[in-house]
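Here are my notes on the model, set out as numbered points. They begin with the chain as a whole and then turn to single residues.

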Amino acid sequence: MTYTVEKIGGTSMSAFDAVLDNIFLRPKNPYNRVFVVSAYGGITDALLESKRSGEPGIYQLVAKHDEQWADAIDALEVRLKMINENLFADPLNRTRADNFISERLKDAKDCISNILATCSYGQFTLRQYLPQIREFLSSIGEAHSAYNTALKLRTLGVNAMFVDLSGWNNKLSGTLDEVIVEAFKEIDVATELPIVTGYAYCDEGLMKTYDRGYSEMTFSRIACQTSADLAIIHKEYHLSSADPRIAGPENVLPIGQSNFDVADQLANLGMEAIHPNAASGLRKKDIPLQIKNTFEPEHKGTLISQAYQPDSEKIEIIAGRDKVFALHIFDQAMVGNVDNVGYELMEMIADERVNLVGKEMSANSLT
Ligand SMILES: Nc1ncnc2c1ncn2[C@@H]1O[C@H](COP(=O)(O)OP(=O)(O)O)[C@@H](O)[C@H]1O
Ligand SMILES: N[C@@H](CC(=O)OP(=O)(O)O)C(=O)O
């Protein structure tokens, strides 16, 4: 039987009825699958800052010493409980879900208040605590969605278990891979359905290392560490010939098959559809990656695999990014020395943390 590791994106999680019918309850046997879930759409934005506009969330308010951070936590609590209300009709489970998230938010509030109090002494600066604050705030979104999902599935008779990798109450330690191996030691996927938090506490710092969209890293590493036969990402759109939000869903076509080379090119352009680092581990372990549209369960979506090697060239996908600049350097004195100049230039670009998408050189110029 095929063993799959699957990830459900935040936009899909917000349409939970579709997720239940089209993903969780669709097959006769719900097991032999592991699910990694993202926070409901917009929640990580509220915890940190908006991914698109940069509008400050709780983290940015704390970082700017803006006292409104505590009110922002209260407002988020109301929002998260509204999600619970829509999910749980029965008061018992709703209270359970509410208590779980209230406790996390209370802990977060206490912890931030204590840190701020500590930082009122000259020897301590907030800057040194900010990375950890960012990590633990992000984990709240995925703890909420994973806890709710496991609870909901149990009410429907599925033996779902909440796998909390957030490191909140347990002393997780080690690299992302080590944390995953430890968590999966005791799980029997044949009889249990693990619902794993997309945020995972690890020594390298998930947020710090992989930034937004980090759930795909947790997903990809779980697929590699537990040797999945297939990795599946469930998304709001099919992986399409262009960004459906820009070109319009009616003007784009789903990509039927692709390979990891194409995925790498897309990642290099920062295309949002797959996290840049998620595909590389799967490629090494030869685990195919299927990208499916949550709302069209009968559609196979896109299969990204090593095996797909088309023999004729064609344009499959158009991707782009804004704020791209070309730096063109021309100097006849560079003839015979372009390599050295290029090396120094690359160092400067890396120092300035500029993302390089391509490089061209000729005898006397560099772009
Ligand atoms: N070629 C493409 N196909 C599908 N989506 C794309 C493509 N290029 C960019 N996107 C964007 O990726 C977004 C989905 O990414 P993401 O925010 O990670 O969603 P999710 O919440 O499902 O994880 C879509 O809203 C879409 O605008
Ligand atoms: N919720 C996190 C992690 C994530 O992977 O989300 P999504 O699957 O919605 O891109 C974020 O917004 O960054």
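1. How far apart are the mean positions of the positive and negative charges of the chain? The distance is 4 Å, taken over 35 positive and 51 negative charges. The model is a predicted one, and the points below should be read with that in mind.

2. Overall dimensions. The radius of gyration of the chain is 22 Å, which agrees with the value near 21 Å for a compact globule, because the chain has 367 residues. The C-alpha trace spans about 75 × 60 × 40 Å along its principal axes.

3. Secondary structure and contacts. The chain holds 14 helices and ten strands. Of the contacts with a separation of 6 or more, 73% are between residues 24 or more positions apart.

4. Burial and surface. Of the 367 residues, 48% are buried. The accessible surface of the chain comes to about 19,200 Å², and carbon and sulfur atoms account for 50% of that surface.

5. H144. This residue is in helix α7, which covers residues 130–155. H144 has a relative accessible area of 1%, so it counts as buried, the limit being under 20%. Apart from neighbours within four places in sequence, H144 is in contact with Y40, L80, I83, N84, F100 and I101.

6. I133. Helix α7 also contains I133. The relative accessible area of I133 is 1%, and the residue is therefore buried. With residues up to four places away in sequence left out, I133 touches Y59, V62, I112, I115 and L126. The C-alpha atoms of I133 and A63 are separated by 9.3 Å, with their positions 70 residues apart along the chain.

7. K152. A third residue to check in helix α7 is K152. Is this lysine buried or exposed? K152 is buried, because its relative accessible area of 17% is under the 20% limit. The side chain of K152 reaches the backbone oxygen of L87 at 2.8 Å. L87 is also one of the residues that K152 touches, together with F16, L20 and F88, when residues up to four places away in sequence are not counted. For K152 and L20, which are 132 residues apart along the chain, the C-alpha separation is 9.4 Å.

8. N93. This residue is placed in helix α6, residues 91–118. N93 has a relative accessible area of 7% and is therefore buried. Beyond residues up to four places away in sequence, N93 touches F88, L151 and T155. F88 is also among the residues touched by K152.

9. C224. Helix α10 contains C224, and that helix runs over residues 215–225. C224 is buried, as its relative accessible area of 3% shows. Not counting residues up to four places away in sequence, C224 touches G281, L282, K285 and I287. With I287, which is 63 residues away along the chain, the C-alpha separation is 7.7 Å.

10. D211. Which sign does phi of D211 have? Phi is positive, about 65°, although D211 is not a glycine. D211 is in the loop between α9 (206–210) and α10 (215–225). The relative accessibility of D211 is 42%, so the residue counts as partly exposed.

11. K323. Phi is positive here too, near 55°, in a residue other than glycine. The loop that holds K323 lies between β8 (302–304) and β9 (329–330). K323 counts as exposed, because its relative accessibility is 72% and the limit is over 50%.

12. S362. Where is S362 found? The residue is in the loop between α14 (338–351) and β10 (365–366). S362 has a relative accessible area of 33%, so it is partly exposed. Its side chain makes a polar contact with the side chain of S365, at 2.8 Å. The C-alpha atoms of S362 and E298 are separated by 50 Å, while the two residues are 64 residues apart along the chain.

Conventions: Residues are numbered from 1 along each chain as its sequence is written. Chains are lettered from A and ligands numbered from 1 in the order in which they are written. This is a predicted model: local features need pLDDT of at least 70, side-chain atom pairs count only at pLDDT 80 or more; totals for chains, interfaces and linings use all residues. Side-chain values use heavy atoms; hydrogens and water are left out. Helices (H or I, at least four residues) and strands (E, at least two) are DSSP runs, numbered from the N terminus. The radius of gyration is taken over C-alpha atoms; the globule rule is 2.2 Å times the number of residues to the power 0.38. Buried means under 20% relative accessible area, exposed over 50%, partly exposed in between (1.4 Å probe, protein chains only). Contact means heavy atoms within 4.5 Å. Accessible areas come from the Shrake-Rupley method with a 1.4 Å probe; for residues, only the protein chains shown count as cover. Lys and Arg count as positive and Asp and Glu as negative; His and the chain ends are not counted. The place of a charge is taken as NZ of Lys, CZ of Arg, CG of Asp or CD of Glu. A polar contact is a pair of N or O atoms within 3.5 Å; within protein, one must be able to donate a hydrogen and the other to accept it, and residues adjacent in sequence count only if both atoms are side-chain atoms.
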